[in-house]
Amino acid sequence: MNLVRFENFSKIFAVEDFSEEYIKLLKKSGSYETYMKKLKFNLNILENSKSIEVALLHKNIEKLNDVPNLYSIRNISGLNPRTLFCYALDDDIYILLNSFLEKSSSGYKKGIEKAKNIINELGL
């Protein structure tokens, strides 16, 4: 699995199919541009924070308690999209893993499992 730089960010990378998955997830809503703007806003927080601990002070960025090194960007709205990411300390980069619409706890668990599988594939 390959990583690609996400947009023009210097510390934000994504698995190669992340952007396609995000577009597919939100394009049908008719609000793709709005959600992409919100995602980029939150990614700017990560990019410009001195540490992950500082970024976690923001209300839309949270650590997932049950999984080491797994974090979430959330946008509370009608669709409630979540983007899961990890932090690669050695390289000082954030890696966007996957996104999903949080409609139920089972969907949330499925999204976390997918993220954990990607982390394992990446050898992190």
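This passage describes the strands, hairpins and salt bridges of a predicted model.

In this predicted model, local features are reported at pLDDT of at least 70 and side-chain atom pairs only at pLDDT 80 or more, while totals for chains, interfaces and linings use all residues. Residues are numbered from 1 along each chain as its sequence is written, and side-chain values rest on heavy atoms, with hydrogens and water left out.

A good place to start is strand 5, which covers residues 81-88. Helices (H or I, at least four residues) and strands (E, at least two) are DSSP runs, numbered from the N terminus. Eight of the eight residues of strand 5 are buried, so the strand is largely enclosed by the rest of the structure. Here buried means under 20% relative accessible area, exposed means over 50%, and partly exposed lies in between (1.4 Å probe, protein chains only). In a regular strand the side chains alternate between the two faces of the sheet. In strand 5, P81, T83, F85 and Y87 point one way, whereas R82, L84, C86 and A88 point the other way, and all are buried.

Strand 5 has pairing partners in strand 4 and in strand 6, where two strands are taken to pair if DSSP finds at least two bridges between them. Strand 4 (residues 71-74) runs antiparallel to strand 5 and is joined to it by four bridges. Within this pairing, Y71 stands opposite F85 and S72 stands opposite L84. Strand 6 (residues 93-101) is also antiparallel to strand 5, and eight bridges connect the two. There, F85 of strand 5 faces L96 of strand 6. Residue F85 thus has Y71 opposite it in strand 4 and L96 opposite it in strand 6. Strand 4 also pairs with strand 3 in the antiparallel sense, over three bridges, and the bridge partner of K63 in strand 4 is Y71.

The turns of the two hairpins can be described next. Six residues lie between the strands in the hairpin of strand 4 and strand 5, and N80 takes a positive phi near 55 degrees there. N80 is found in the loop between these two strands and is buried, with a relative accessible area of 18%. Leaving out residues up to four places away in sequence, N80 touches N75, F100, L101 and E102, contact being defined as heavy atoms within 4.5 Å. In the hairpin of strand 5 and strand 6, four residues lie between the strands, and D92 takes a positive phi near 55 degrees.

Turning to charged side chains, a salt bridge is counted when a side-chain nitrogen of Lys or Arg lies within 4 Å of a carboxyl oxygen of Asp or Glu. By this rule, the model has seven salt bridges. One of them joins K114 and E21, with an N to O distance of 2.5 Å. This pair links distant parts of the chain, with K114 in helix 4 (residues 105-122) and E21 in helix 1 (residues 18-27), 93 residues apart. K114 is partly exposed, with a relative accessible area of 38%, whereas E21 counts as buried at 19% relative accessibility.

Strand 3, strand 4 and strand 5 also contribute residues to salt bridges. R74 forms a salt bridge with E62, and the closest N and O atoms are 3.9 Å apart. Because R74 lies in strand 4 and E62 in strand 3 (residues 61-63), the pair ties together parts that are twelve residues apart in sequence. R74 is partly exposed, with a relative accessible area of 22%, and E62 likewise counts as partly exposed at 22% relative accessibility. E62 also forms a salt bridge with R82, the closest N and O atoms being 2.2 Å apart. This second pair links distant parts of the chain, E62 in strand 3 and R82 in strand 5, 20 residues apart. R82 counts as buried, at 7% relative accessibility. Salt bridges that share partners join E62, R74, R82 and E102 into one network.

Finally, K27 has its place in helix 1. At 46% relative accessibility, K27 counts as partly exposed. With neighbours within four places in sequence set aside, K27 is in contact with Y32 and E33.
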